[in-house]
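Hi,

Here is the structure I said I would pass on. Have a look at it first, and then read on for what I found.

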Amino acid sequence: MRRAPEALDAALQALEAQRLRRRRVVAAPLPRDAAASPGAQSSPVLVLDGRRVLNFCSNDYLGLATHPALAAAMAAGAHAQGAGAGASHLVSGHGPEHEALERELAEFTGRERALLFSTGYMANLGVAVALADRDDLVLGDRLNHASLLDAALLARTRRALRYPHGDAAAARRALEAHAAAAPRAGALLLTDGVFSMDGDLAPLPALAAAAREHGAWLVVDDAHGLGVLGATGRGSLEHFGLDAAAVPVLVGTLGKAFGSFGAFVAGDAPLVDWLVQRARTYVYTTALPQPVAAATRAALRLVAGEAWRREKLGALVQRFRDAARARGLPLMDSTTPIQPVMFGDSAAALDASARLRDAGFWVGAIRPPTVPAGSARLRVTLSASHREADVDALVVALAEAREGLAA
Ligand SMILES: Cc1ncc(COP(=O)(O)O)c(C=O)c1O
């Protein structure tokens, strides 16, 4: 469809009328001196329009994004290596910090190799384009992250299918039907490890069994699991006790629990070498800046070495759920730091978000098309940088916002 400028204006007005127009907010982290309570190394406080608010909607689950060790590594990296890579990895942009980080990520995930991508979005597109042929099936959960849904669209295949959320039996049936219809073709099974808007976990053991049985590549995007789940932070796979043979392609992002930026794919050496040849979002783009890789290396040390962050986060999740249940808030079935509070109606979710902001809490309203129609929600995310008192106060404010809407 051609969109003339007048048509765009009308389309924007229509979004506005449905309370679906999206807007950005300029959010400034509080300068560290002002932010730090005694002993604290990072802060969930932001300044919006000159007012301080507690951030309950970032993916900085371990509180590393403002950690001084990351900032110091980034600054030192910039002095040593410069601000920009200047070229793609395959030309002259691949530096020692990239190389070291890839080695460390491979070790962290227990794989032969890891390959850095500039973003998780690009990693997912790159994997699907590199691995799927025209007759292959690309199969994914209906609630997969947009980047996995788009990966299925961009892959050269003519056969892309979605199965009902979390339904491993349906995934297995689709793989079976594909194997019967096209016995010589391959298949790619794509899933989030932790679903980004619902916070629940994919049924990875059942998906891994189905993929193995049908010779499909299982690709797990563990953007919200790595660093957070499992006793040592190895993510959804550690949570379920799955190894590299069960999940041959692991995608991780570095802008969430790792507090920096970028992404990686971990797997065996032939897989990674193939991605270097064929993942277009790897080949045809500038390498991410080395100071970013340096900061991520510092983050990795904290993720691996400071288990207390995960333990504290787990306790805060439990505290939030207990208090929210006691207040009758409609929670979803999530045990992760993603704790959506359902509103259904977009206008109600937006109004509740505005009320919370007035009370000093920032929780974004998530509306269609990010989530299915009729399932608008406040996506609360918890972080190890929150205090128990912050969580308690948020629950009170959420309950009051809901009561205020009903009044
Ligand atoms: C499950 C999932 N995968 C991938 C991404 C994209 O990662 P990135 O922000 O690094 O592009 C996100 C969110 O950003 C996500 O939630």
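Two strands count as paired here if DSSP finds at least two bridges between them. By that rule strand β5 (residues 137–141) pairs with β7, through four bridges, and the two run parallel. Before I go on, please keep in mind that this is a predicted model.

Let me stay with β7 for a moment. V138 has L188 as its bridge partner in β7. On the other pairing, five bridges join β7 to strand β8 (residues 217–221), again running parallel. There, L189 is found opposite L218 of β8, and D192 is opposite D221 of β8.

How many of the six residues of β7 (187–192) are buried? Six of the six, so to speak: the strand is mostly covered. In a regular strand, side chains alternate between the two faces of the sheet. In β7, A187, L189 and T191 point one way, while L188, L190 and D192 point the other way, and all are buried. β8 tells a similar story, with five of its five residues buried. W217, V219 and D221 cover one side of β8 and L218 and V220 the other, all of them buried. That puts D192 of β7 and D221 of β8 among the buried residues, and they are the two that stand opposite each other.

Next, the other sheet I looked at. It is open, has four strands in the order β1-β2-β3-β12, and its pairing is mixed. β1 (27–29) and β12 (361–362) are the edge strands; each has a single partner, so one side of each lacks a neighbour in the sheet. β1 and β2 (residues 45–48) are antiparallel and joined by three bridges, with P29 bridged to L46 in β2.

Then the helices. Does the length of α14 fit or clash with what its residue count predicts? Helix α14 (residues 307–326) has 20 residues, which should span 28 Å at 1.5 Å a residue, and the end C-alpha atoms are 29 Å apart, so the two agree. Its buried residues are R309, R310, K312, L313, L316, V317, F320 and A324. Seen down the axis of α14, they fall within an arc of 160°, so they line one face of the helix. As a reminder, an α-helix has 3.6 residues a turn, so residues three or four places apart point the same way. The face of α14 turned away from the buried side carries exposed residues: A307, W308, E311, Q318, D322, R325 and A326. Just after the helix, G328 has a positive phi of about 75°.

What do the buried residues of α14 pack against? Their partners are β11 (338–344) and α16 (388–406). From the side of α16, the buried residues pack against α14, β11, α15 (346–358) and β12, so to speak closing the loop with the edge strand β12 of the open sheet. α16 has 19 residues and reaches 28 Å from first C-alpha to last, close to the expected 27 Å. Its buried residues are V391, L394, V395, A397, L398, A401 and R402.Now the ligand. It has 13 residues around it, and the closest are T119, G120, H145, S196 and A223. By class, the shell holds three nonpolar, eight polar and two charged residues.

Last, a few backbone details in loops. The peptide bond from P368 to P369 is cis, with omega near 10°, and P369 lies in the loop between β13 (365–366) and β14 (376–381). Two residues other than glycine have a positive phi: R19, near 60°, and D49, near 50°. R19 lies in the loop between α1 (5–17) and β1, and D49 in the loop between β2 and β3 (51–55). R19 is partly exposed, with 16 other C-beta atoms within 10 Å, whereas D49 is exposed, with 9.

L30, in the loop between β1 and α2 (32–35), counts as partly exposed because it has 15 C-beta neighbours inside 10 Å. Its C-alpha atom is 24 Å from that of H79, 49 residues apart along the chain.

Cheers

Notes:
Residues are numbered from 1 along each chain as its sequence is written. This is a predicted model: local features need pLDDT of at least 70, side-chain atom pairs count only at pLDDT 80 or more; totals for chains, interfaces and linings use all residues. A residue is near a molecule or strand if its C-beta atom, placed from the backbone, lies within 6 Å of it. Ala, Val, Leu, Ile, Met, Phe, Trp, Tyr, Cys and Pro count as nonpolar, Asp, Glu, Lys and Arg as charged, and the others, Gly among them, as polar. The expected span of a helix is 1.5 Å times one less than its number of residues. A residue is buried if 20 or more other C-beta atoms lie within 10 Å of its own, exposed if 12 or fewer, and partly exposed in between; C-beta atoms are placed from the backbone. The arc is that of the directions from the helix axis to the C-beta atoms. Two residues are in contact if their C-beta atoms, placed from the backbone, lie within 7 Å.
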